[in-house]
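User: I would like to go through this structure with you. Could we begin once it is on the screen?
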Amino acid sequence: MINGVVHPQKNKLRLMKMRKVILVMICSLFGVGIYAQKDSSMVFKPTQNPIFTHKYTADPAAFVDDDVLWLFTGHDYEGGQKGYKMKDWLVFSTKDMKTWEEHPIPLKITDFKWATSGDAYAGHVMKRNDKYYWYISTNWNGIGVAVADKPEGPYKDALGKPLLTNEDCFASTHSWTCIDPAIFIDNDDQPWIFWGNGVCYYAKLKDNMIEIDGEIKKIDFEGLEFTEAPWVHKKDGKYYLTYATGFPEKIAYAMADNIEGPYEYKGILNEIAGNSNTNHQAIVDFNNEWYFIYHNGGIQTDGSSYSRSVCIEKMEYNEDGTIKPIVMTTKGIYEEE
């Protein structure tokens, strides 16, 4: 205090402390405890689904790197939205599925100068050649790719233009068809990209991860009613294609012996996500457990189809390789205290 006036810097510090206390109280109320701040990152210990309640998260993608699970999400602007308002992406990490660290915002839609839509839609991150590549949707501008030296970023536009556009989606006519990229690297080290709305497209990627290698194709099989959100994973020599179907969306899946098929429809894996018209899954094997990561509108009371939240359930297989149905729960993977 100088001459009876609180110094501006001290006042700023007081406000920061007050905000942190309020955030802790809010997160404790809704089942998420913030117990430490690490540099500009925040550390959480969730106790139930949704696993993050201080921000609205959607469209999860996950992979494991050096015994750390990295979770990348979209970011719905706030609660009670009437439409999609998404301007950046978020990144979290965990070593044990119990304690999560939120890292500084790694990527914004404004980092893609060509993305005039201004929409930061679903993405997918994959490691290749000691670099990390983030494939993102922009609504009607196409799919872009950013690159970083670390999984937490920061990321920068790798091409200065889209990797894929509506013109590549030869079997579609609507403007938002070129969305929801998903990357899979097979045992032979060949990277693939899957994407689409209404039609499931796929293609090989070149080793540099920023060019399509060869022909763009689409997946068809009996029983396929594809909406969006493709995801490919592999277990015991079998390829699994999961995807959103119908609207409001459920998650369905199919299996194949080859990544290009033919795929056999296996049924509904996950039912409608509560008060969210959309769902979007990530499937990952971590510490010898399989996890199904998805979103719903579960934050009370402002969660909705446009203010979504990421949740996690364990995923189990039957003896024949089919997947047991995923039931959404509040408890999720967290044991009751």
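Analyst: We can discuss the nonpolar cores, a sheet and the salt bridges in turn.

User: Before that, what kind of model is this?
Analyst: The model is predicted.

User: Which residues touch the most other members of the largest nonpolar core?
Analyst: Leu 71 and Trp 100 do, in a core of 38 residues. Strand 21 (residues 289-296) supplies the largest share of this core, five residues.

User: What does the second core include?
Analyst: The second core is separate and has 22 residues, among them Phe 72, Trp 89, Val 125 and Ile 136.

User: Back to strand 21. In which order do the strands of its sheet run?
Analyst: The order is 20-21-22 in an open sheet of three strands, with antiparallel pairing. Strand 20 (282-286) and strand 22 (309-315) are the edge strands. From one strand to the next, the twist averages 30°.

User: How many bridges join strand 20 and strand 21?
Analyst: Five bridges join them. Val 284 has Tyr 291 in strand 21 as its bridge partner.

User: New topic: how many salt bridges are there?
Analyst: The structure holds 16 salt bridges. One of them joins the side chains of Lys 217 and Glu 260, at 3.0 Å from N to O. Lys 217 lies in strand 15 (residues 212-218), and Glu 260 lies 43 residues away in the loop between strand 18 (250-256) and strand 19 (264-270).

User: And Asp 236 with Lys 235: what is the N to O distance?
Analyst: That salt bridge has a distance of 2.8 Å.

User: Is Asp 236 buried or exposed?
Analyst: Asp 236 is exposed, because its relative accessible area is 68% and the cut-off for exposed is over 50%. Lys 235 is partly exposed at 22% relative accessibility.

User: Which residues form a salt-bridge network?
Analyst: Arg 128, Asp 189 and Asp 207 are joined into one network by salt bridges that share partners.

Definitions and conventions:
Residues are numbered from 1 along each chain as its sequence is written. This is a predicted model: local features need pLDDT of at least 70, side-chain atom pairs count only at pLDDT 80 or more; totals for chains, interfaces and linings use all residues. Side-chain values use heavy atoms; hydrogens and water are left out. A nonpolar core is a set of buried Ala, Val, Leu, Ile, Met, Phe, Trp, Tyr and Cys residues joined through side-chain atoms within 4.5 Å. Buried means under 20% relative accessible area, exposed over 50%, partly exposed in between (1.4 Å probe, protein chains only). Helices (H or I, at least four residues) and strands (E, at least two) are DSSP runs, numbered from the N terminus. Two strands pair if DSSP finds at least two bridges between them. Axes are lines fitted to C-alpha atoms, for helices over the stretch in contact, and angles run from 0 to 180 degrees between N-to-C directions. A salt bridge is a side-chain nitrogen of Lys or Arg within 4 Å of a carboxyl oxygen of Asp or Glu.
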